[in-house]
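Me: I have a structure open and would like to learn how to read it. Can you take me through it step by step?

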Amino acid sequence: MEFLDAALELIGLMETRMTCFLEPLDSLLRVLRSESPLMKNAAGDSFFAAWRSVFSAERSGVRESDRRILLAFGDSLGDTDIDGQKALCESARERLRAALENAREEKQRFARLGALLPVFAGAAVIILLI
Amino acid sequence: MNENENLSAALACLPERLRRAIVLLPTEIVETTLEIRLRAGLPLMLCGAYGLCFPDGNGKFSRLFPDKTPTPTAEEVAQTVQALTDHSVYSHTDELNSGYVTYADGMRAGVAGRAGTQDGRIRSVREIRSVNIRIAKNVDGAAKYLSRKVFSDGLKNTVLFGAPLSGKTTMLKDIARILSSYPYYYRVAVADERRELSAARGVNIDFFTGYPKKDGIEFAMRSFSPDVILCDELGTEEDCREVLRALGCGVRFVLSVHCGSRRELFTRPVCRALVECGAFDRFVFLPGVGKECEIFDGKELYDEAVRLYHDRGVLSLVRNDAQRQVFTAGGVS
């Protein structure tokens, strides 16, 4: 979830820089390297290489499907005018928000299960003793 | 950037197949190329001092309509636009909507595609099918002869005119360099709406890059007290009115306009207004690369315009005599 939060923040930052400052991708990369924890150690000279280096590598606690959303988003950047860029950011953000929502629900479900686990374990011990 | 760097920057924007077709051509063709024209589904074409040429992809070329010339695909044209915009099309939206892209610090490529409009204004351009990559020439000394002829006894309001590819922008860049450097050191402001003059070198020079001409001129006058303002391609009546307004404030102008001959000076509304305002001292015709420019006296053109039109009551942007007097008083040295 931390990853998804950081990714959403990253997309927000990119959208601002692209639509308000018309920042080309190469200089946007410099901004992202200094302002986003996800892109801090991005390797590669071009924006696309740096983006791929960050999101193609497997990470613990990060789903493949979430990484794929971000990879597709990065690959499609720069091809369209401002309206297109805004739409791309919005679409990626929507999908990541949905993923974040799912992750939260799963966490709550596991948390509930976790809370009930000692009760079940106690009941099982009692049954065994009887 | 020097000429070779300009050429390299232009070639770097092309897809490999098309770049290769150009690079294989004889050096004298490649180095004198001024435009590379890509149209989806039509043959690759080069223009330069030599005229037109169609490369065949194997190091040879033809001046006639070719059979073997590589034909750019729509995909390759799109890739070229991507490269011209540094893979950031969105950051050039305004330029694309105005029909061009500025690449490599001041060179221009024309683009044509399908425009989406809203309230009569172009809001987006998509499906770009034609690209004309122009290769700028920074020729130090291009305006040396002209400067000696026109500016040796002080700054003069000057209009450079010529057909497309006649070297107006090259000349203007060199004039900016000469006037802002030793021995003149004039305060030069450049209203560079299309970002083509920003490669000009000079000492005492301020660039208003990307500003609409009207704003560039106004801001320069308000805050930089320039001796002379340079503008490239005065094209609209609004730009013209702004220049005419500023002329009354005592600042000098060196402008360029598209105009193919002396005769057209009297038929194109913008050019005619510049002649009829009576404030421009010199009109310089650039007949083309390598040919000597012709210098016309502004007063003579003005008299001719009055004979041709004013006596018959046909007025242009300059509405009346009183206004003309103001311009004349503010402009003629």
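**Reading one residue, then the whole**

Reply: Start small. Setting aside neighbours within four places in sequence, Ala49(B) is in contact with Thr32(B), Val289(B) and Gly290(B). Keep in mind that this is a predicted model.

Me: Where in chain B is Ala49(B) placed?

Reply: Look for the loop between strand 2 (42–48) and strand 3 (51–55) of chain B; Ala49(B) is there.

Me: How far apart are Ala49(B) and Gly288(B), in sequence and in space?

Reply: Read both distances. In sequence, 239 residues separate Ala49(B) and Gly288(B). From C-alpha to C-alpha, they are 8.8 Å apart.

Me: Why does Ala49(B) count as partly exposed?

Reply: Count the C-beta neighbours. Ala49(B) has 13 inside 10 Å, so it counts as partly exposed. A buried residue would need 20 or more, and an exposed one has 12 or fewer.

Me: How do I read a core?

Reply: The general idea is this: in soluble globular proteins, nonpolar side chains tend to be buried together. Now the case here. The largest nonpolar core has 59 residues. Ala176(B), Val190(B), Ile229(B) and Leu230(B) have the most contacts inside it. Helix 7 (residues 168–179) of chain B gives this core its largest share, six residues. There is also a second, separate core of 58 residues, including Leu28(A), Leu25(B), Ile36(B) and Cys53(B).

Me: Which residues does Leu230(B) touch, beyond those up to four places away in sequence?

Reply: Leu230(B) touches Leu172(B), Ile175(B), Ala176(B), Val188(B), Val190(B), Leu197(B) and Val254(B).

Me: How many residues does each chain bring to the contact?

Reply: Take each side in turn. Chain A brings 14 residues and chain B brings nine residues. On the side of chain A that touches chain B, helix 2 (25–35) and helix 5 (82–129) each supply at least two residues. Helix 5 of chain A has the largest share there, four residues. By type, the residues on that side of chain A are five nonpolar, four polar and five charged.

Me: And chain B as a whole?

Reply: List the elements first: chain B has twelve helices and 14 strands. Then check the overall form. A compact globule of 333 residues would have a radius of gyration near 20 Å, and chain B agrees with 21 Å. Along its principal axes, the C-alpha trace of chain B spans about 60 × 45 × 40 Å. In chain B, 44% of the 333 residues count as buried. Finally, take the contacts in chain B with a separation of 6 or more: 62% join residues 24 or more positions apart.

Definitions and conventions:
Residues numbered from 1 in each chain as written. Chains lettered and ligands numbered in written order. Predicted model: local features only at pLDDT ≥ 70, side-chain atom pairs only at ≥ 80, totals over all residues. Contact = placed C-beta atoms within 7 Å. Core = buried A, V, L, I, M, F, W, Y, C linked by C-beta atoms within 7 Å. Nonpolar A, V, L, I, M, F, W, Y, C, P; charged D, E, K, R; others polar. Rg over C-alpha atoms; globule rule 2.2 N^0.38 Å.
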